[in-house]
Amino acid sequence: MFLGMMKAALKDGVISKEEWGILKEVNKYYGHYDNEFKKAVKDGFISQEECKELRILRNKIYEKAYREAISDGIVTKEERTILKEIQDAADMSDEEIKVIEERVKKGEDIKLREGDCDEGK
């Protein structure tokens, strides 16, 4: 995920202050997500509780990146490219992204909905 974001940020040859802010925010949480994912798959099975924890961390990564992107009041094309990279790497639907972004704009906490870790999701 992080490598893809770096490539997206460097697409124009420059990492802007805003892009750097997003990368720093994601880096803070991605290491924790990666460690939790490795622990979860160690036994070859991701439990409902592990799934919930991973989804919370995944949502938190996107939330923090989005908060950084809108901190100046606008999401630039370059910032949106990085956010899209996070969405794709984390296998997040457009609906999930819309909910997170709306909640951030309203100042609400990001929570999982009931059933987010049901089989097949």
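Select Glu96 and Arg58 in this predicted model and display their side chains: the two make a polar contact at 2.6 Å. Glu96 is found in helix α5, which covers residues 94-106. With the selection kept on Glu96, add the backbone of Ser93; the side chain of Glu96 reaches the backbone nitrogen of Ser93 at 2.7 Å.

Is Glu96 buried or exposed? Its relative accessibility is 14%, and Glu96 therefore counts as buried, the cut-off for that class being under 20%.

Return to the pair of Arg58 and Glu96. The contact is also a salt bridge, in which the closest N and O atoms are 2.6 Å apart. Arg58 lies in helix α3 whereas Glu96 lies in helix α5, so the pair ties together parts that are 38 residues apart in sequence. Both Arg58 and Glu96 are buried. Next, add Arg55 to the selection: salt bridges with shared partners join Arg55, Arg58 and Glu96 into one network.

**Along helix α2**

Side chains of opposite charge can pair when their charged atoms come close. Move now to helix α2 and select Glu25 and Lys28. Their side chains meet in a salt bridge, with 3.0 Å from N to O. Lys28 and Glu25 are three residues apart in helix α2, and therefore about one helical turn separates them. The two ends of this bridge can be coloured by accessibility. Lys28 counts as exposed because its relative accessibility is 57%, the class beginning over 50%. Glu25 is buried, with a relative accessible area of 15%.

Further along the helix, select Glu36 and Lys39. These side chains also meet in a salt bridge, at 3.1 Å from N to O. Glu36 and Lys39 both lie in helix α2, three residues apart, which is about one turn of the helix. Lys39 is exposed, its relative accessible area being 54%. For the structure as a whole, a search finds nine salt bridges.

**Where α2 meets α3**

Two packed helices are described by the angle between their axes and the distance between the axes. Select residues 17-41 for helix α2 and residues 48-69 for helix α3. The axes of these helices come within 8 Å and cross at roughly 175 degrees. Angles over 145 degrees count as roughly antiparallel, and α2 is therefore roughly antiparallel to α3.

Which residues make the contact? On the side of α2, show Gly21, Ile22, Glu25, Val26, Tyr29, Tyr30, His32, Tyr33, Glu36, Phe37, Lys39 and Ala40. On the side of α3, show Glu50, Glu53, Leu54, Leu57, Arg58, Lys60, Ile61, Lys64, Ala65, Glu68 and Ala69. Colouring this selection by residue class gives twelve nonpolar, two polar and nine charged residues. Residues from the earlier stops reappear here: Glu25, Glu36 and Lys39 of α2, together with Arg58 of α3, are among those in the contact.

**The whole chain**

Finally, clear the selection and show the whole chain as a cartoon. Its secondary structure comes to five helices and zero strands, so that, from the N terminus on, the elements run α-α-α-α-α. Colour the chain by accessibility: buried residues make up 34% of the 121 residues. Among contacts with a separation of 6 or more, 62% are accounted for by residues 24 or more positions apart.

Methods: Residues are numbered from 1 along each chain as its sequence is written. This is a predicted model: local features need pLDDT of at least 70, side-chain atom pairs count only at pLDDT 80 or more; totals for chains, interfaces and linings use all residues. Side-chain values use heavy atoms; hydrogens and water are left out. Axes are lines fitted to C-alpha atoms, for helices over the stretch in contact, and angles run from 0 to 180 degrees between N-to-C directions. Helices (H or I, at least four residues) and strands (E, at least two) are DSSP runs, numbered from the N terminus. Angles under 35 degrees count as roughly parallel, over 145 as roughly antiparallel, 65 to 115 as roughly perpendicular and the rest as oblique. Contact means heavy atoms within 4.5 Å. Ala, Val, Leu, Ile, Met, Phe, Trp, Tyr, Cys and Pro count as nonpolar, Asp, Glu, Lys and Arg as charged, and the others, Gly among them, as polar. Buried means under 20% relative accessible area, exposed over 50%, partly exposed in between (1.4 Å probe, protein chains only). A polar contact is a pair of N or O atoms within 3.5 Å; within protein, one must be able to donate a hydrogen and the other to accept it, and residues adjacent in sequence count only if both atoms are side-chain atoms. A salt bridge is a side-chain nitrogen of Lys or Arg within 4 Å of a carboxyl oxygen of Asp or Glu.
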